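Me: I am new to this structure. Please show it, and then let me ask a few short questions.

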Amino acid sequence: MGTNTFTKTKGLSLGLLLVVFVFLAVLPTLTQGYLTVLLTDILKFVILTVGWMMFAGPTGYISLATGAFYGLGFYMAAVFNGPLPFAVVIIIAGVAAFVVALLVGALTLRLRAAYFCIFTFALVLLIQSVVMEVERIVTQTRGRFVETETIEAAYWAMFIVAVATLLAAYLIRRSRHGLALQSIGEYEEAAAHSGINIVRTKIVTFAVGSLFMGMAGAIIATRRAYIDPGIAFSMNNTFLPVLMAMFGGMTNLIGPVIGAAVFTYIGEILLTRFPDLYMLIFGVVLILAIVFMPNGIVGLVQDVWRKLRGGRRAPA
Amino acid sequence: MHLLEGQGVTRQFGGLTAVSDVDFYVDQGEIVGLIGPNGAGKTTLFNLISAALKPKPGKIFYKERDITPLPAYKICRMGIARTFQTVKIFPNVPVLRNVMVGSLFGTGRRISSAEAQSKAEEALEFVELSSVKDLPAGDLTLAQQKRLELARALASDPELLLLDELMAGLTPTEVTEAMEAITQIRSRGVTVVMIEHVMQAIMKISDRIIVLDYGKKIAEGTPAEMAANPQVIEVYLGEECDA
């Protein structure tokens with residue numbers, strides 16, 4: 001993609017990235033309370049969106065299981081946080097989500113995209129029901145208490161996981177694994193006949209994305225004293241990342257980050273100012289975004305940029 | 001010993017028997033032409049060899065190993081590469097990266113990115129697409145896309161190359177070039193099986209021709225024998241009349 005033309009912009013954005021990185025790293029020491037909580041929430045959605053897009057972006061397979069892996073993280077935190085250190089709990093949650101995703105992927109990724117989508121949707125409901133039944137029979141409770149962490153601890157943990165997620169997504173895109181994924185997305189049959197192990201490539205990517213979702217879940221859980229299956233496996237955590245990715249644009253990694261940030265913030269404002277109209281306005285914003293920005297915010301900016309520059313890219 | 005051998009290869013789609021009890025073999029270093037009227041089962045046979053489909057029943061052996069149960073990507077890594085009748089490229093991926101898919105994943109061994117790239121560039125050089133290697137593959141003309149597919153197949157270091165109507169839709173000059181390319185590929189030690197409707201080409205460069213009709217193998221032999229075979233002539237004249 002015209003690497004020579006954009007090296008200057010690339011250097012600039014790298015510097016900008018560094019500034020943002022440092023700012024976000026020291027943020028809790030500068031401010032307190034609400035902003036840190038809001039940013040933790042934004043980072044959570046960055047993780048879910050980028051984790052989701054790692055797999056869905058290149059392959060075009062829409063997974064609706066994000067909430068399942070995220071909720072799994074909740075329960076890992078409920079069980080292990082306290083007895084085990086916070087960092088270990090996050091890792092356990094990641095591994096648990098990874099393993100479950102491998103199993104689910106092995107079962108479903110032979111399916112075509114539409115069936116895969118429906119199955120993953122059912123998976124959230126399935127796991128939620130299973131957890132609810134197990135709790136009813138074994139612990140005879142509805143919810144659980146979670147050992148809490150401080151606002152700052154949760155923020156930093158979320159920040160580290162978010163950086164790891166972005167880094168992983170970036171490295172995958174650049175690697176041969178990324179090329180394999182993209183070719184699967186563009187022509188699965190040709191990819192198979194060119195020597196790509198399609199099923200394995202898909203399953204592994206799906207599981208890596210899920211790993212980060214589980215971690216995000218474990219961190220958020222420690223900010224809630226009480227969880228139950230309804231909270232842990234809320235559909236919002238499944239659908240919002242998909243919408244955020246569409247809203248931000250899926251052609252590169254900045255898209256989902258911007259999508260997650262803007263969407264979370266808009267959601268926050270709407271929820272506090274117009275709690276009754278929240279979903280309605282949200283829906284209208286989304287429809288407008290899909291109609292007028294088919295490639296998301298990033299796509300829109302790129303289009304405008306290209307028009308201003310007067311078509312730098314050579315016509316095909 | 002044959003390089004590739006099929007025994008009683010059969011495949012049905014609903015009530016239609018696309019390939020019916022076909023025995024065939026391909027020897028090392030041959031160019032084998034696979035001909036027959038439309039719907040004769042040629043492409044289905046390719047799909048069965050490359051494991052896009054599984055024969056039911058029937059067995060396919062490659063270097064005396066039963067490859068019938070293997071998935072498509074393993075068949076490719078073992079050294080059987082193919083092109084498609086309707087081109088199947090990765091349209092939004094640059095031409096060079098398209099070919100690198102073949103060299104990175106198709107050779108059956110761990111390969112460095114640098115080596116994969118030089119292999120891909122070499123293959124692009126061979127099909128004369130070096131000048132467009134940075135364009136998205138979808139921007140190429142159909143004839144170029146066909147050459148791109150050939151390059152991707154070659155980049156996977158095949159020992160056996162299955163070409164499905166490589167010459168369809170090409171101008172006479174391009175057909176001559178394609179014929180030269182195929183002869184050159186063979187001289188590098190790659191065995192070729194080609195499906196083709198361009199008769200002058202297939203008659204000229206094939207060592208042996210297999211004729212399919214309604215899923216059955218009706219004849220097999222040298223181009224000269226096939227040209228004189230009454231059954232083959234009947235099948236072909238029949239088709240010419242319809243067309």
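Me: How many helices and strands does chain A have?
Reply: Keep in mind that this is a predicted model. Chain A holds two strands. Its helices number 14.

Me: Why is chain A called as compact as a globular protein of its length?
Reply: The globule rule gives 20 Å for 316 residues. Chain A comes close to that value, so it is as compact as a globular protein of that length. Its radius of gyration is 20 Å.

Me: What percentage of the residues in chain A is buried?
Reply: A residue counts as buried if 20 or more other C-beta atoms lie within 10 Å of its own. Chain A has 316 residues. The buried share is 44%.

Me: Which side chains of strand β4 of chain B are buried?
Reply: In a regular strand the side chains alternate between the two faces of the sheet. β4(B) covers residues 59–62 and shows this alternation. Lys59(B) and Phe61(B) point to one face and are not buried. Pointing to the other face, and buried, are Ile60(B) and Tyr62(B).

Me: Which residue stands opposite Lys59(B)?
Reply: Strand β1 of chain B, residues 4–13, runs antiparallel to β4(B). Four bridges join the two. Opposite Lys59(B) stands Gln7(B).

Me: Which residue in the turn between β4(B) and β5(B) has a positive phi?
Reply: β4(B) also runs antiparallel to β5(B), with two bridges joining them. Across this pairing, Phe61(B) faces Asp66(B). The two strands form a hairpin with two residues between them. The turn residue with a positive phi, about 50°, is Lys63(B).

Definitions and conventions
Residues numbered from 1 in each chain as written. Chains lettered and ligands numbered in written order. Predicted model: local features only at pLDDT ≥ 70, side-chain atom pairs only at ≥ 80, totals over all residues. Buried ≥ 20, exposed ≤ 12 C-beta atoms within 10 Å, placed from the backbone. Pairing = 2+ DSSP bridges. Rg over C-alpha atoms; globule rule 2.2 N^0.38 Å.
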